[in-house]
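Good morning, and thank you for joining this session. I would ask you to look at the sequence and the structure on the screen before I begin.

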Amino acid sequence: MRSILVAFWLAFLFLPFKGPKAALMLFAVVLIIVSSWTYLKRRGRTLREKVFPRINALRAMSLSGKRLSLAQCGLLLFLIAVPFFAGDYVLDVAILCGIYIILALGLNVVVGFAGLLNLGFAAFYAIGAYSYALLNVRLGLGFWESLPVCLLITTISGFVLAVPALRLRGDYLAIVTLGFGEIIRLVLNNWDSFTNGPNGISEIAPPRVYGLSLGGLDKYYFVTLAAVILSYIVVKRVRLSKMGRAWIAMREDEIGASSVGINITMYKLYSFAFGAFWAGVAGALFAAKMRFVSPDSFTFMESVLMLCMVILGGLGSIAGVILGAVVLVALPEALREVQSYRMLALGAGLILMMIFRPQGLFGGARK
Amino acid sequence: MHLLEVRGLTKHFGGVKALEEVDFRVEENSIVSVIGPNGAGKTTLFNCLTGLTRPTKGRIHLEGADITGSSPHRAVRLGIARTFQNIRLFREMTVLENVLVSQHLRIRSGLFGVLFRNRNFLRDEKEAVERGLEYLALVGLEGAADVTSFNLPYGDQRRLEIARALAAEPTLLLLDEPTAGMNPHETSEIMEIIWKLQKLGKTIVLIEHDMRLVMGISESIIVLNHGVKIAEGPPEAIRKDSLVIEAYLGKGTLA
Amino acid sequence: MLFQQIINGLTVGGVYALIALGYTMVYGILELINFAHGEIYMLGAYLGIILFGFFTSVGLTSHSLALSFALTIALSVLFCSAYGFTVERIAYKPLRNAPRLSPLISAIGVSIFLQNYVMLTQGATDKVFPDLLGSAGFDLLGARITYLQVLIIGVSFLLMLALHLYVTKTRMGKAMRAVAQDKVMASLVGINVDSVISVTFIIGSGLAAVAGIMVAMYYGLVNYFIGYIAGIKAFTAAVLGGIGSIPGAMFGGIFLGLIESLGASYISSEYKDAYAFAVLIVILLIRPAGIFGKSTEEKV
């Protein structure tokens, strides 16, 4: 009875948007789903019990401590071997995966470790990408010369944005970071003389080593892979140091953390700057790969997508976040036909995750 | 030698006078209790001492140096650590990690050491773990080092708070109702722990409601009522103090 | 010129205020930034176009324009309220006791979902609202004021007044204020907190629906992403006035509308959308709890 009511209600809401026929279909679909859901629940075999233990087991298998060095070596060998058998399309997606892994690792420092919700992370990504683009196109600097400057600029911008973060409570902070992201995008879009506005900047040079261009997909794949491995190692090591502990402590209880000697102000600044640093790396990689940047690549939705990767993987879990990034980049590519439903699913996914699995698909069990 | 000296400490929240001209001294290596009815300003006093709130007026001296209005993390650096009435553990961290966090200021190796895992870093981390386990042993939690702290039973959470404060290596330890919600057996265990801390050379100030504990352990007792210090002295004197009895039992019952 | 900009600013500001009320009411009660509220407003604009189109196609419009217009508004409000209610039930209610950021993230999910839901069902191109009043109007103090502007300003103010009376005078309104102050106490004195929350969402969504239709009429065009930007602006307005305060939201909305309209004509129209963000950031930097918000110290 309740399922009929729910189905009827949702179909009613749907009615004006797609007409009676579609509404009727929705009614039928929802009815089937809801009643089978209640049926399963009554039999004591909820989806949660059936599916999630397996994911937990998977997690325990793939992430447990030292025994895994061998598996890690295997994975590394496999990743190195990829360009020798994969086509251009796969490499292209793999590079994109790598860039998003770095972004997600950076955002994870801010959101997952330090517990500060940042909804404008794409801004740092944009600053990194535009820094390299402008240094290269305007000043003729190469990738490697530009990179330190790029990273310095993004890290400093991380510091700058963190200043309001020091005083704001959680959700206000989220809105301010969102506003920051939008302002950066609007500036990139409207400051025609400097950023070339909505047309973007093209003809950005790929990195070179001893005069050899690394622009080809197979070579660029290795550049990205190296950056991903580096970011993984650095983030992991920082997490397992006093800095990482201080962040987690701050996330768990700010007052408690300050009362054991942690300078909350500084650690908030560090988390923003450290996160922004990786966005800078990803941005420079992105600009050098696409050879083109425009404001369209750095919208609010991009920030949300990165946030989804972090949440899907499990806030704070490094391995989880990497998987989250891979899933969210690769899955839509694999499901090309339903591309237009991607964002719809993403939105619904966020809601469902928060309700049923707030610790992320790959995160540990939490109460 | 006075470790802590508080003079004219006053804290107003809007029109509410949480603390009014409170003076007292704490001798080095002593155990002092702060008692008083609910809302007497005891926790506000702790908050002022640890820098969580800035006093409206008055001075706080630690080992002769003025520390009034220093930030919480600076207060820790200066040698004050505390526990909380409503437990404030790092819930998702393990028991050991909780005491590692407190050694934050002690661990000196910087970003370079962290990234390259050099000898200094590894030594620092190893020492921190060893010392952390010692503190856990002190409160009887050595067996639970790898338990996630929110999974600990309530009494153990209170002990962990003490260990965590201790790991910050304070000279002055402030305990805010360390036995709240505990049974008599657990309370006497906490009492043992406090004595052990004193033997280690710590100075302890505690807020308590359990009068058996207070009378049994304190060398000196400070009584607050409505933000004002109404009595101070050894347990025997406090027990007989008419103002204290009045504050606890209310006027009229005294006659 | 200045007077013209003030009138334009008041028009837009009235709309912002109507949306801001929804933010502020929900925040006052749940301490949640209802990120999806802007999308409810967007749904309102779409429903206005869809329903008016429907009445035109069945011939009601040519029969009685006023009736079909009234029905459009009434049904849009009804549908939007239903959406607001449903969103709360599905996406927020299960998270009542979750960590603070969970409902916010869920709200972002709702926002993305609704945007794409409308894009998929209604198409990604602009929708046109039929021009009912045209540019008819009158001149006053050198400014051209259209009847539509008068209508928007008038309706906004009337609705704000009605809401104010509702909250201060009725039983439900008083219950809302009680819940906003202390949920536990309110439930102890017999207030059904869940239904108060539902009513809050229903009223807020209804106001957003009216705002949506009026904007659709004002600009003539509607797109599926208008909710995001309008939502941010309305939220800014709510913060400007001190989030949680109903008169504050009205003030904030109008103030923001004026800033935008004056900024666009005297500084630069390209950065029109950035003013709201800039104002928001500056305010929060100076007063982290909003202009009229009171700062709360966490109890230790």
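How much area is buried between chain B and chain A, and what part of it do carbon and sulfur atoms give? The model is a predicted one, and in it the area buried between these chains is about 2600 Å². Carbon and sulfur atoms give 62% of that area.

Let me stay with this interface. Here 30 residues of chain B are in contact with 27 residues of chain A. On the chain B side, the residues that lose the most area to chain A are B:H73, B:E92 and B:H104, and together they account for 23% of what that side buries.

The polar part of the interface can be described in some detail. Three salt bridges are counted between chain B and chain A. One of them joins B:E125 to A:R245, with the closest N and O atoms 3.1 Å apart. There are also nine residue pairs in polar contact between the two chains, with both residues at pLDDT 80 or more. As for secondary structure, helix 2 (72-78), helix 3 (95-101), helix 4 (111-116) and helix 5 (119-138) of chain B each give two or more residues to the side that touches chain A. Of these, helix 4 of chain B provides the largest share, four residues.

I now turn to chain C and chain A. These two chains bury about 4700 Å² between them, and 77% of that is on carbon and sulfur atoms. C:I105, C:I112 and C:L120 lose the most area to chain A within chain C, together 12% of what that side buries. In terms of residues, 56 from chain C are in contact with 44 from chain A.

How many salt bridges does the rule find across the interface of chain C and chain A? The number is zero. Polar contact is nevertheless present, in four residue pairs with both members at pLDDT 80 or more. The elements of chain C that give two or more residues to the side touching chain A are helix 2 (37-57), helix 4 (65-92), helix 5 (101-122), helix 10 and helix 12 (272-286). Helix 5 of chain C gives the most, with 17 residues.

Next, some individual positions. C:T236 lies in helix 10 of chain C, residues 226-240. Is this residue buried or exposed? C:T236 counts as buried because its relative accessible area is 0%. Its side chain reaches the backbone oxygen of C:I232 at 2.8 Å. Leaving aside residues up to four places away in sequence, C:T236 touches C:L256, C:A276 and C:L280.

C:S198 belongs to helix 9 of chain C, residues 193-219. At 6% relative accessibility, C:S198 is also buried, and beyond its sequence neighbours up to four places away it touches C:F85, C:E88 and C:R89.

In chain A, A:I95 sits in helix 4, residues 88-113, and is buried with a relative accessible area of 0%. With residues up to four places away set aside, its contacts are A:L217, A:Y220, A:Y221, A:T224 and A:K289.

Finally, the surface of chain C. A nonpolar patch of about 470 Å² is made by C:F138, C:L140, C:L141, C:Y147 and C:V150. Strand 2 (137-140) and helix 6 (147-169) of chain C each give two or more residues to that patch. C:V150, which lies in helix 6, is partly exposed because its relative accessibility is 39%.

I would be glad to take your comments.

Terms used:
Residues numbered from 1 in each chain as written. Chains lettered and ligands numbered in written order. Predicted model: local features only at pLDDT ≥ 70, side-chain atom pairs only at ≥ 80, totals over all residues. Heavy atoms only, no water. Buried < 20%, exposed > 50% of the residue type's maximum accessible area, 1.4 Å probe, protein only. Polar contact = N/O pair within 3.5 Å; in protein donor to acceptor, adjacent residues only side chain to side chain. Contact = heavy atoms within 4.5 Å. Patch = residues over 30% accessible without salt bridge, like charges linked within 9 Å, V, L, I, M, F, W, Y side chains within 5 Å. Areas by Shrake-Rupley, 256 points an atom, 1.4 Å probe, with all protein chains shown as cover. Salt bridge = Lys/Arg side-chain N within 4 Å of Asp/Glu carboxyl O. Buried area = accessible area lost by both parts, 1.4 Å probe.
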